[in-house]
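Q: I'm new to this one, so could you walk me slowly through one of its helices? After that, please show me how a helix pair packs, and a few spots elsewhere that deserve a look.

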Amino acid sequence: MEQKIKIKKEYRAAALDMDGTALNDRKELAPETRAAIHDALSAGKEVIFCTGRSYAEMEDTLREFPDMHYLCGESGALVYDLRAGRPVSMVSMEKDLLRLLWEAIRGRDVMPQIFSRGASLGNADQLARMAHYQMGVYQESFDRVCTPVKDVEAAALEEGRSVEKVNFYHTSPEEREITYRFLQEKGVRAAMVYSEISSLECSAPGLSKASGLRTVCQVLGISMEQMIMVGDADNDLEALKASGLAVAMGNANEHVKKVCAVQVADNNHGGCAQAIRRYLLGEDV
């Protein structure tokens, strides 16, 4: 059910998760969402895509919004100044941590992906089989923007390479649990969150979408209380809790709905546009 609250303060910015939030189930930015973002930017508001995706995976979408200032990408590991064309913040993972992560999937049918300085890299022999790893809806995106390499582990451990994030794509949620439990038992210090059907996202300790948004707020000169966060999944939870207004999509999971003050329509029925117009622009929609 949609909810309305009385706006008690002026929000300066809205952070939008991508998959399940700004994007519909066809992985498209609906016309009403695109229009709401443009209207907010034209009104002098800030709109930030706050996503687990790499810069490479966002580049085509970002071209549609030349007035957008910042991207909070890679689950907070990369904050990018879109106008200057350079990172504001980029947090890499230690090589010892990367070695431990790969221990968890050694000899198993798991597809690793790394984000390195905003680029996306994956094993060439696995990239064509995204449906096998419960990611078939993203096949076109992986074909287009993920750089195939012979051995992504070797690439991750190359001297001098920055790796901001590792994604592990599993064949089932049960397989993901095996990876997660292994890393927990090893006492691995990493930020780990579940995403999609059976994916596990790993970043440097202490990182989250919330930490990335705090960096964005610092460079904008605003507080997190002036930020709206719109999301649907567990990897949005920290950012939702830290923001001035937490908005759940109608398709959000129960964890998200519990921490949000308000709820809008789902991602196939204009929920993201509603959040922008109702709470950032103060329109009666």
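A: Here is the helix, followed by the pair and the other spots. You're looking at a predicted model, where local features need pLDDT of at least 70, side-chain atom pairs count only at pLDDT 80 or more, and totals for chains, interfaces and linings use all residues. Numbering starts from 1 along each chain as its sequence is written, and side-chain values use heavy atoms, with hydrogens and water left out.

Let's begin with H8, residues 209–220. Helices here are DSSP runs of H or I with at least four residues, strands are E runs of at least two, and both are numbered from the N terminus. Because the expected span is 1.5 Å times one less than the number of residues, the twelve residues of H8 should cover 16 Å, and its end C-alpha atoms are indeed 16 Å apart. At the N-terminal end, Ser-208 acts as the cap, with a side-chain oxygen 3.1 Å from the backbone nitrogen of Ala-210. Just after H8 comes Gly-221, with a positive phi near 75°. Along H8, the buried residues (under 20% relative accessible area with a 1.4 Å probe, protein chains only; exposed is over 50%, partly exposed in between) include Lys-209, Leu-213, Val-216 and Cys-217.

Now for the pair. The axes of H1 (residues 31–42) and H11 (residues 271–280), lines fitted to C-alpha atoms over the stretch in contact, come within 8 Å and cross at roughly 25°. That makes H1 roughly parallel to H11, a label for angles under 35 degrees. Among the H1 residues that meet H11 are Glu-32, Ala-36 and Ala-40, and on the H11 side Ile-276 and Leu-280 take part; contact means heavy atoms within 4.5 Å.

Another helix, H7 (residues 173–185), holds Thr-179. Thr-179 is buried, at a relative accessible area of 0%. Not counting residues up to four places away in sequence, it touches Ala-104, Ile-105, Arg-108, Phe-168, His-170 and Leu-200.

Loops can hide residues too: Glu-74 sits between strands E3 (70–73) and E4 (78–81), yet Glu-74 is buried at 0% relative accessibility. Beyond four places in sequence, its contacts include Arg-53, Tyr-55, Glu-164 and Lys-165.

Two other loop residues have a positive phi without being glycine. Arg-117, between E6 (111–116) and E7 (119–123), has a phi of about 50° and is exposed at 56%. Gln-134, between H4 (124–127) and H5 (139–145), has a phi near 65° and is partly exposed at 30%.

Key:
Polar contact = N/O pair within 3.5 Å; in protein donor to acceptor, adjacent residues only side chain to side chain. Axes fitted to C-alpha atoms, helices over the stretch in contact; angles between N-to-C directions. Parallel < 35°, antiparallel > 145°, perpendicular 65-115°, else oblique.
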